[in-house]
Amino acid sequence: MRKPNYLFIIFLLLISLYAQSVGSFELQEEAFQERTAHWQERLGNLEYVGDEVIVEFNDTRSLNSIDAGTFEGYEISEVFDYRPVVVYRKSSTEPMAEALARLEGLPGVKSVSPNLIRYCTITPDDPFYDRQEYLTPIHAEAAWDVTTGSSTVNVAVIDTGVDIEHPEFAGRILWTENFFDPDAQGESNVFDDSGHGTGVAGIILAEGYNGMGVAGISWDVRLLAYRACGSIDLHCTIADEVQAIDSAVAHGAHVINLSLGGKGTVGIEVDAIEDAYNAGVVIVAASGNGTPGELFVSSGDPDWDRINLYYPAAFPQVMGVAALDNSDGSVTDPGGLFRAEFSNYGEDIVSVATVGTRIMSTVPYRPKGEVPYAIYFTRDYSRLSGTSFACPQVTGVAALLFSRFPTASPLDIRNIIETTAWPMGGPDTNTNGVDDYLGHGLLDAGAALGNIIGGDGIFENSDFRLGVTPSPLFSDDIFVLVHCKRGSDDVPVVSFYVHANGDNGAITMEPLAAHPDTYMGRFRTVQAGQISFQVHGLLQGSPLTPLMVDYMLID
């Protein structure tokens, strides 16, 4: 019997292994080239820090098990506290697309991304007026009749910092943290060298009825102040933004204000927003500014949207806020409010809108640092414009709602704000009551808190909930909202009777697509006095319990 030729067998095995290794190398190289091409295409639409890469690991164990030599040519810039993420700084000249493609293929790595840049936008205005006209169209005083906030509600302002020594915030600073300059120490570690964050904070919670300055919308809440943005251009990185969001959640924030944004998003921001929302936090973000403002529309392709929409306003868990123009101060004139030319817009990034021009608020007194904005602020208050200053008005109303309804969910708060907003009624309003440009319309704090001018505004029985408010723009228009608590077979029938002159009729109600069993309508009356409403509906062919309401309209 012939003995096997072991040398020949070994030779064949070696050839086989070589072929497999060559094939494996070719496959790896092909995958690398595909990933590189993918990143080259994406990076063309994004603004990012040129020498930094964000690496998210599968878990902490994966992070600790990675050999330091694997990242040769990189040094650690930041390590996140609340998730397994490291920001690396490149010391090599490797192109960004290739760097991302190479790191993306490593074992234990969940995702990689460039460190995107976000911007705050500020337009200082005349600092010598002390009127807060923007509070009129949103019915702030009616909301304050219900609550001015609660010390158990915490609002996080993630911005350029806050002048925590400003007298308007005395005794209400709960937490401060600086991610823009982590080495800053002491109680003033978040000192605001631009005024942007201080202005945002003042709109939310400047002390009311204290005999000075301005009144915030929810002045009894507590502030978590973060410095994540700075420098002359008021930028922040997405890494610093995400770390601030994580910290705000960990320190008990009920509402997070993000008066910042930019095109595109990455995985760690997606996760941070989703984690905050799931933790019960309401997140409000500015729709952003442009010269002029830009229309943002979803393509229906998630990959395209993640590169081209304006974030964080475009996240479904976030309430995006557009700015209206009230430059001439004529807030009672229907023609006085319209989209500010600088405001980005589009229903995919805008939930509601409110005035964003000439907003009187707090600013640091003699800001520290060599930045151009220092020349604008010669006192503790100034007028400011931008979607950045429309955004905190919605944040303030969300804080009021949490003060009144402590167990409310983020979806509850959003539903209340959106369904009580006053539709702008422009030519771009679609059949769902959502404006293609300005979302659900003008913020109405009084309606949201259920204390509408002219009556308590909210009426209900076992089957229906009725909200009534006069239009903040048209004094002779009435806005009516009906929610069928148990559902309905069809649109509820709402009739009215004006006692002063005997006028009566039915109101045309339209369903709100985003809010099941909720309907909206309006009618016009020139008569002040008592108006009776009746609401009828059917459920599975049987009549629901009618709701009959007497409402007093004050001239």
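Me: What percentage of the area of about 23,500 Å² that the chain exposes is supplied by carbon and sulfur atoms?
Reply: This is a predicted model, in which local features need pLDDT of at least 70 and side-chain atom pairs count only at pLDDT 80 or more, while totals for chains, interfaces and linings use all residues. Residues are numbered from 1 along each chain as its sequence is written, and side-chain values use heavy atoms, with hydrogens and water left out. Accessible areas come from the Shrake-Rupley method with a 1.4 Å probe, and for residues only the protein chains shown count as cover. Of the exposed area of about 23,500 Å², carbon and sulfur atoms supply 51%.

Me: How many helices and strands does the chain have?
Reply: Helices (H or I, at least four residues) and strands (E, at least two) are taken as DSSP runs and numbered from the N terminus. On that basis, the chain has 11 helices and 29 strands.

Me: What percentage of the 555 residues is buried?
Reply: A residue counts as buried under 20% relative accessible area, as exposed over 50% and as partly exposed in between, with a 1.4 Å probe and protein chains only. By this cut-off, the buried part of the 555 residues is 56%.

Me: Of the contacts between residues at least 6 apart in sequence, what percentage joins residues at least 24 apart?
Reply: A contact here means heavy atoms within 4.5 Å. Among contacts in the chain between residues at least 6 apart in sequence, the share that joins residues at least 24 apart is 76%.

Me: Is helix H6 roughly parallel or roughly antiparallel to helix H7?
Reply: Axes are lines fitted to C-alpha atoms, for helices over the stretch in contact, and angles run from 0 to 180 degrees between N-to-C directions. The axes of H6 (residues 238-250) and H7 (residues 267-278) are 10 Å apart and make an angle of about 20 degrees. Angles under 35 degrees count as roughly parallel, over 145 as roughly antiparallel, 65 to 115 as roughly perpendicular and the rest as oblique. H6 and H7 are therefore roughly parallel.

Me: How many charged residues are there in the contact of H6 with H7?
Reply: H6 contributes residues including Ile 238, Glu 241 and Asp 246, and H7 contributes residues including Ile 268 and Glu 269. Ala, Val, Leu, Ile, Met, Phe, Trp, Tyr, Cys and Pro count as nonpolar, Asp, Glu, Lys and Arg as charged, and the others, Gly among them, as polar. The contact of H6 with H7 has eight nonpolar residues and no polar ones, and its charged residues number three.

Me: Is the crossing of H9 and H10 left-handed or right-handed?
Reply: Helix H9 (residues 387-404) and helix H10 (residues 410-420) pack with their axes 10 Å apart at an angle of about 120 degrees, which means that H9 is oblique to H10. A crossing is left-handed if the near helix is turned anticlockwise from the far one by less than a right angle, and right-handed if clockwise. The crossing of H9 and H10 is right-handed.

Me: How many polar residues does the contact of H5 with H9 have?
Reply: The axes of H5 (residues 196-205) and H9 come within 8 Å and cross at roughly 35 degrees. Residues of H5, including His 196 and Gly 199, meet residues of H9, including Ser 388, Gln 393 and Thr 395. This contact has five nonpolar residues and no charged ones, and its polar residues number six.

Me: What is the C-alpha distance between Gly 264 and Tyr 310?
Reply: Gly 264 lies in the loop between strand E11 (262-263) and H7, and it is buried, with a relative accessible area of 0%. Not counting residues up to four places away in sequence, Gly 264 touches several others, among them Leu 46, Arg 118, Arg 306 and Tyr 311. Gly 264 and Tyr 310 are 46 residues apart in sequence, while from C-alpha to C-alpha they are separated in space by 6.2 Å.

Me: Which residue precedes Pro 292 across the cis peptide bond?
Reply: Most peptide bonds are trans. Pro 292 is in the loop between strand E12 (282-286) and helix H8 (302-308). Omega is about 5 degrees at the cis bond that joins Pro 292 to Thr 291.

Me: Is Gln 540 buried or exposed?
Reply: Gln 540 sits in the loop between strand E27 (538-539) and strand E28 (542-543), and its phi, near 55 degrees, is a positive value in a residue other than glycine. With a relative accessible area of 72%, Gln 540 is exposed.
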